[in-house]
Amino acid sequence: MRKAIILFIFIGMPILASPSLDVTEVMDEVDEILSFKLYPCPDLIDQEEDSRERSVKRYAPKNRECHIESYGKDWMQNCDKVLASGKVPKKAFKYTLKMMKMNSQEFKNDQCFQLAGKSHKSMMGLTKSGAKKMMSNGLKNKCQVIINDYDERISTHGGALKCKTAMYYIDICKKTPQIKKDYSFVGYGTCKKKRGFSNKTNQGTNLLGAFITHNRSFNFTKVRNGVKDKYYENIRRWIKKKTGKGKIPSVALIGIQKNNSRAAADYKYLHVGAYTSAGCPSIDRTNYWMINKLTDNGPSIVVNYKEGAMEDIKNCSKK
């Protein structure tokens, strides 16, 4: 219809310049007119797109501990959901979040940690410079964390001793955040010997604070007098039925604070456990997959928490 109207105008106009105007030429000009579109200035397009992008990404967390912009809007929303759920110890989770934020983009708490020798099975060649390189862009795993809550002890071994504590596995990145509560063993030095959380060798104590995991796991074994521990061998067989591999997942914990700096050097791993150990926060065999998650996505963060006994997060951090 528009083409017919424009054609009528062209044909009906007085033809001054060319008495023998070609209709084909007229039609070509009409098509050119009709194909003309107005496009906004490129600068305006960029501004509009930036504005839309900012409105989508902008999110003000209800909890300041969840405000880690580099983790993105969805992560911050889920972080708020975890705290609102009532299913995690809030103070312990907030402490964890503060440590995650401090080390989210670079390794800030890198001044105190110690390692075992690089040839040890838990290190698999890792050195201090290698650990810093592993964390050079910050904590890689922003999703899965483990919190051992030493304010919520579980009675075992006859009820008088509390040699297990509450353990929380949290996956912040799932569409609906995953929270699983179970237990981890408490070291004999802390549980039975009443030595607290001493960061000294041969004390059998658990250590408080934040740890980063190695990004490689190893096969946990326990041998007594040249004989493999029967309880751990039972676990190995159970896991093999589940996975096809007779490997007990274990990963080195690298203590990044003064109170836990000797964790890796004293072989206090996160591993699947059979009983109270010498300070390893070992977990139930049904949760073997948690260690695999932390390792595959690592380095990850693990926190051992006790209210009133936690170290300032700025300790052991570079200026």
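These legends walk you through several close-up views of a predicted model.

**View 1. Helices α4 and α5 pack against each other.** Two packed helices are described by the angle between their axes and the distance between the axes. Here, helix α4 covers residues 73-85 and helix α5 covers residues 90-102; their axes come within 10 Å and cross at roughly 155°. Angles over 145 degrees count as roughly antiparallel, so α4 is roughly antiparallel to α5. To find the contact, look in α4 for Trp-75, Cys-79, Val-82 and Leu-83, which meet Lys-90, Phe-93, Lys-94, Leu-97 and Met-100 in α5. The residues of this contact comprise seven nonpolar and two charged ones, with no polar residue among them.

**View 2. Six strands make up an open, mixed sheet.** Strands of a sheet pair through backbone hydrogen bonds, either parallel or antiparallel. Reading across this sheet, the order is β3-β2-β1-β11-β4-β9. At its edges are β3 (178-185) and β9 (253-255), each of which pairs on one side only. From one strand to the next, the twist averages 30°.

**View 3. Strand β1 pairs with β2 and with β11.** Start with β1, residues 144-156, which runs antiparallel to β2, residues 161-171, and is joined to β2 by nine bridges. A handy landmark on this side is Ile-146, standing opposite Tyr-169 in β2. Strand β11, residues 301-305, pairs with β1 over five bridges in the parallel sense. There, Val-145 has Ile-301 of β11 as its bridge partner. Following the sheet onward, β11 is joined by four bridges to β4 (residues 209-213), and these two strands run antiparallel. Within β11, Val-303 lies opposite Ala-210.

**View 4. Helices α5 and α9 meet the six-stranded sheet.** Joined to β11 by four bridges, β4 runs antiparallel to that strand. Helix α5 packs on this sheet and touches β1, β2, β4 and β11, with its direction at about 140° to that of β11. Helix α9, made of residues 288-296, lies across β1, β2, β3, β4 and β11. The direction of α9 runs at about 150° to β1.

**View 5. A three-stranded antiparallel sheet also packs with α9.** The strand order in this open sheet is β5-β8-β10. Because β5 (218-219) and β10 (270-271) stand at the edges with a single partner strand each, one side of each is left without a neighbour in the sheet. Strand β8 (residues 249-251) pairs with β10 over two bridges in the antiparallel sense. You can spot this pairing at Val-251, whose bridge partner in β10 is Leu-270. Helix α9 packs on the sheet by touching β8 and β10, and its direction makes about 45° with that of β8.

**View 6. The largest pocket holds about 340 Å³ of space.** Rolling a probe the size of a water molecule over the atoms shows where empty space is left. The lining of the largest pocket is made by 20 residues; nearest its centre are Asp-266, Tyr-267, Lys-268, Ala-278 and Cys-280. By class, this lining has eight polar, seven nonpolar and five charged residues.

**View 7. One cavity of 30 Å³ or more is found in the structure.** The volume of the largest cavity is about 30 Å³. Around the largest cavity you will find Asn-206, Leu-207, Phe-211, Leu-253, Lys-268, Gly-279, Pro-281 and Asn-304. This lining divides into four nonpolar residues, three polar and one charged.

Terms used
Residues numbered from 1 in each chain as written. Predicted model: local features only at pLDDT ≥ 70, side-chain atom pairs only at ≥ 80, totals over all residues. Heavy atoms only, no water. Axes fitted to C-alpha atoms, helices over the stretch in contact; angles between N-to-C directions. Parallel < 35°, antiparallel > 145°, perpendicular 65-115°, else oblique. Contact = heavy atoms within 4.5 Å. Nonpolar A, V, L, I, M, F, W, Y, C, P; charged D, E, K, R; others polar. Pairing = 2+ DSSP bridges. 1 Å grid on protein atoms, 1.4 Å probe; cavity = no way out; pocket = protein on both sides within 12 Å on 5 of 7 lines; lining within 4 Å. Points joined across faces, edges and corners; volume = space filled by probe spheres on them.
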